[in-house]
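Here is a quick walk through one protein model, a few spots at a time. Have a look at the sequence and the fold before reading on.

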Amino acid sequence: MNETGLVQIYCGDGKGKTTAAIGAAVRAAGRGYRVLVARLLKTDDSGEVTGLSHVPNITVLPCGRNFGFSWNMTQVRRKAAALYYDHCLMNAWNMALGADGGEPYDMLVLDEAIGACNLGFVDEAGLVKALKEKPAALEVILTGRCPSEALRDQADYITEMVMRRHPYERGVGAREGIEY
């Protein structure tokens, strides 16, 4: 286990945030580190979920509910989403620490945690507090667009993916096995 766990952010409007986080998770698992991946705002209908299920040392927490796109949600649905995603994030955090009675993890990937904060689905102040108090050896990776200054202040790495061109601009939708 590494003695220095840092906080990484993969952000921006370009493709590759989750891909970079998953790559780091696979690298860590390949060196024997225990990795926990928690996905927010996404369904489990994505190739990386299936792929990661075959990688030793990686646990993927299922995203058990789909609330649809945030811009289509009623206030009632938004409130339900906020309760659910905040619970999912805190559950993942507790699992990573071993607070659930299990063995602590070496790396925690919080995929789309930044987006969940931006939408008000996750208590950002609580996440910032958790990052400040994290165990020294725990590596934490956050992904999503537009991290707040408070989240950026907690990061040791910040990598921004910038979209210069995207097939969507030509009407090409997301492709199974490539974008999801």
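## A helix with a covered side

Which residues of helix α5 (residues 124-133) are buried? They are L127, V128, A130 and L131. Looking down the axis of α5, you'd find these buried residues within an arc of 160 degrees, so they line one face of the helix. That spacing fits a simple rule: an α-helix has 3.6 residues a turn, so residues three or four places apart point the same way. One thing to keep in mind throughout is that this is a predicted model.

So what sits over that buried side? The cover includes β1 (7-12), α3 (75-97), β4 (107-111), α4 (113-118), β5 and α6 (149-154). Turn to the face of α5 that looks away from its buried side, and you meet the exposed residues A125, K132 and E133.

## Strand β5 and its partners

One of the elements covering α5 is β5, which spans residues 139-143. This strand is mostly covered, with five of its five residues buried. In a regular strand the side chains alternate between the two faces of the sheet. Here E139, I141 and T143 point one way from β5, while V140 and L142 point the other way.

Which strands pair with β5? One is β1, which runs parallel to β5 over four bridges. Another is β4, also paired with β5 in the parallel sense over four bridges. L142 is a handy place to see both pairings: I9 stands opposite L142, and so does L110.

## T143, at the end of β5

T143 belongs to strand β5. Is T143 buried or exposed? Its relative accessibility is 0%, and since buried means under 20%, T143 counts as buried. The side chain of T143 makes a polar contact of 2.5 Å with the side chain of D111.

Beyond its neighbours within four places in sequence, T143 is in contact with a whole list of residues, including Y10, K17, T18, A21 and L110. The list also takes in D111, E112, A113, I114 and G115.

## Two loop residues with positive phi

E112, one of those contacts of T143, lies in the loop between β4 and α4. Its phi is near 65 degrees, a positive value in a residue other than glycine. E112 is buried, with a relative accessible area of 18%.

C146 also has a positive phi, about 55 degrees, although it is not a glycine. You'll find C146 in the loop between β5 and α6. Unlike the buried E112, C146 is exposed, at a relative accessible area of 59%.

## The cysteines

How many disulfides does a search of the whole structure find? Zero. C11 is in no disulfide, and the nearest cysteine sulfur, that of C146, is 8.1 Å away. A disulfide would need the two sulfur atoms within 2.5 Å. As for surroundings, C11 counts as buried at 5% relative accessibility, whereas C146 is exposed.

## Another parallel pair

Elsewhere, strand β2 (residues 35-39) pairs with strand β3 (residues 58-61) in the parallel sense, over four bridges. Within this pair, A38 stands opposite L61 of β3. Add helix α2 (residues 47-52), and β2, α2 and β3 together make a right-handed β-α-β unit.

How values were computed. Residues numbered from 1 in each chain as written. Predicted model: local features only at pLDDT ≥ 70, side-chain atom pairs only at ≥ 80, totals over all residues. Heavy atoms only, no water. Buried < 20%, exposed > 50% of the residue type's maximum accessible area, 1.4 Å probe, protein only. Polar contact = N/O pair within 3.5 Å; in protein donor to acceptor, adjacent residues only side chain to side chain. Contact = heavy atoms within 4.5 Å. Pairing = 2+ DSSP bridges. Right-handed = clockwise from strand over helix to strand, strands pointing away. Arc of directions from axis to C-beta.
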